[in-house]
Amino acid sequence: MSGIVSRRRLLTGAALGAGGLLGGCDRLGESPAFRKILFSADAMNRHAQRLITDRHALAREFETADLSPFFRGNGTQNPQGADYRAHAAENFARWRLEIRGLVARPLSLTMAQIRSMPARAQITRHDCVEGWSAIGKWTGVPLHRLLDLAGLRESARYLVFRCADEMGGGIAYYESIDLIDAFHPQTILAWALNDRILPIRNGAPLRLRVERQLGYKHAKYVQAIDAVASLDGIGLGKGGFWEDRAQYEWYAGI
Ligand SMILES: Nc1nc2c(c(=O)[nH]1)N[C@H]1C(S)=C(S)[C@@H](COP(=O)(O)O)O[C@H]1N2
Ligand SMILES: [Mo]
């Protein structure tokens, strides 16, 4: 790809298709093997990945008839920490979601407040790298509404989702997304699954749905969201629990 074309022009997609400049990349980007290389987590590849997919496109939505009879759980299905157990015992009546870091107005919201906000419902397919999928209906508050309330600062580049479950050795699950996904209309903090209050198995009281990405990005048991300028120094620096430990890709686009 020529370095002469300005980055801005490429990022806006204005150069896509122009004189076949990216035509070859477009087709290559559809091959799974190539995507795997292209989508690995270093910054240059993040840039390249932005060029060949439309990050704003919607994930497919399904019909009620498509719902899986049972939405299985994966990873943590019943957090054992004393704090979480205490919250669960009182149906999360005093659970709070903190939104903090690079925001003008840090927020601390109860579940009652979150459930009273305008909600979005979507029937989508969840794909886990371990080789299973399930279709579920998720209801929750669009993340962009919370971010508008909190007021992201100019320097914010990523959101880090802090989860209540420990994965062993006292290390909590965490995940991160960039601002394109943060403001994507289907990115929600879900509090219901299939028209029922979200079960503990699936992340009660609040879990991320980031529908353009694979299952491990969908943080469950979310208790805080940190707006940050960089992922350096967070966990082992790769942006998520599995990214840090199992070389899962940071951008897990599907
Ligand atoms: N906090 C937390 N979030 C998590 C996990 C986890 O173990 N802990 N597992 C991830 C993985 S690998 C998948 S596939 C989905 C599973 O969501 P489910 O339990 O609702 O099926 O949650 C993701 N989010
Ligand atoms: Mo997964």
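Two residues are in contact when heavy atoms of the two lie within 4.5 Å, and the legends below use the word in that sense for a model that is predicted.

**View 1. The chain as a whole, with its helices, strands and contacts.**
In this predicted model, the chain holds nine helices and ten strands. Buried residues account for 48% of its 254 residues. If one takes the contacts between residues at least 6 apart in sequence, 66% of them join residues that are at least 24 apart.

**View 2. The five-stranded open sheet and its edges.**
The sheet is open and mixed in its pairing, with five strands that run in the order β2-β1-β10-β5-β6. Its edges are formed by β2, residues 107–110, and by β6, residues 172–178, each of which pairs on one side only. From one strand to the next the twist averages 15°. At the β2 side, strand β1 (residues 96–101) pairs with β2 in the antiparallel sense over four bridges, and within this pairing Ile 99 has Leu 107 of β2 as its bridge partner. As general background, the strands of a sheet pair through backbone hydrogen bonds, either parallel or antiparallel.

**View 3. Helix α7 packed on the sheet.**
Helix α7, which covers residues 143–150, packs on the sheet and touches β1, β2, β5 (158–166), β6 and β10 (222–228). The direction of α7 makes about 135° with that of β2. Leu 143, Leu 146, Leu 147 and Ala 150 are the buried residues of the helix; seen down the axis of α7, they fall within an arc of 100°, so they line one face of the helix. Just after α7 comes Gly 151, which takes a positive phi of about 75°.

**View 4. Arg 100 and its contacts in space.**
Arg 100 lies in strand β1. With a relative accessibility of 35%, Arg 100 counts as partly exposed, because that class covers the values between under 20% for buried and over 50% for exposed. Once its neighbours within four places in sequence are left aside, Arg 100 is in contact with Arg 162, Ala 224, Ile 225, Asp 226 and Ala 227. One of these residues, Ala 224, is 124 residues away from Arg 100 in sequence, yet the C-alpha atoms of Arg 100 and Ala 224 are 7.6 Å apart in space.

**View 5. Strand β4 between β3 and β7.**
Strand β4 spans residues 132–142, and nine of its eleven residues are buried, so the strand is largely enclosed by the rest of the structure. Strand β3 (residues 120–128) pairs with β4 in the antiparallel sense over nine bridges, and Cys 128 stands opposite Trp 132 in β4. These two strands, β3 and β4, form a hairpin with three residues between them, and Gly 131 in the turn has a positive phi of about 105°. Strand β4 also pairs with β7 (residues 188–193), again in the antiparallel sense, over five bridges, with Gly 140 standing opposite Ala 190 in β7.

**View 6. The surroundings of ligand 1.**
Around ligand 1 there are 22 residues, of which Arg 72, Asn 74, Asp 165, Asn 202 and Lys 220 come nearest. Polar backbone atoms take part in this setting, since an oxygen atom of ligand 1 is 2.8 Å from one of Asn 74, and an oxygen atom of the ligand is 2.9 Å from one of Thr 76. From the side chain of Lys 220, a polar atom lies 2.5 Å from an oxygen atom of ligand 1.

Conventions:
Residues numbered from 1 in each chain as written. Chains lettered and ligands numbered in written order. Predicted model: local features only at pLDDT ≥ 70, side-chain atom pairs only at ≥ 80, totals over all residues. Heavy atoms only, no water. Pairing = 2+ DSSP bridges. Axes fitted to C-alpha atoms, helices over the stretch in contact; angles between N-to-C directions. Buried < 20%, exposed > 50% of the residue type's maximum accessible area, 1.4 Å probe, protein only. Arc of directions from axis to C-beta. Near = heavy atom within 4 Å. Polar contact = N/O pair within 3.5 Å; in protein donor to acceptor, adjacent residues only side chain to side chain.
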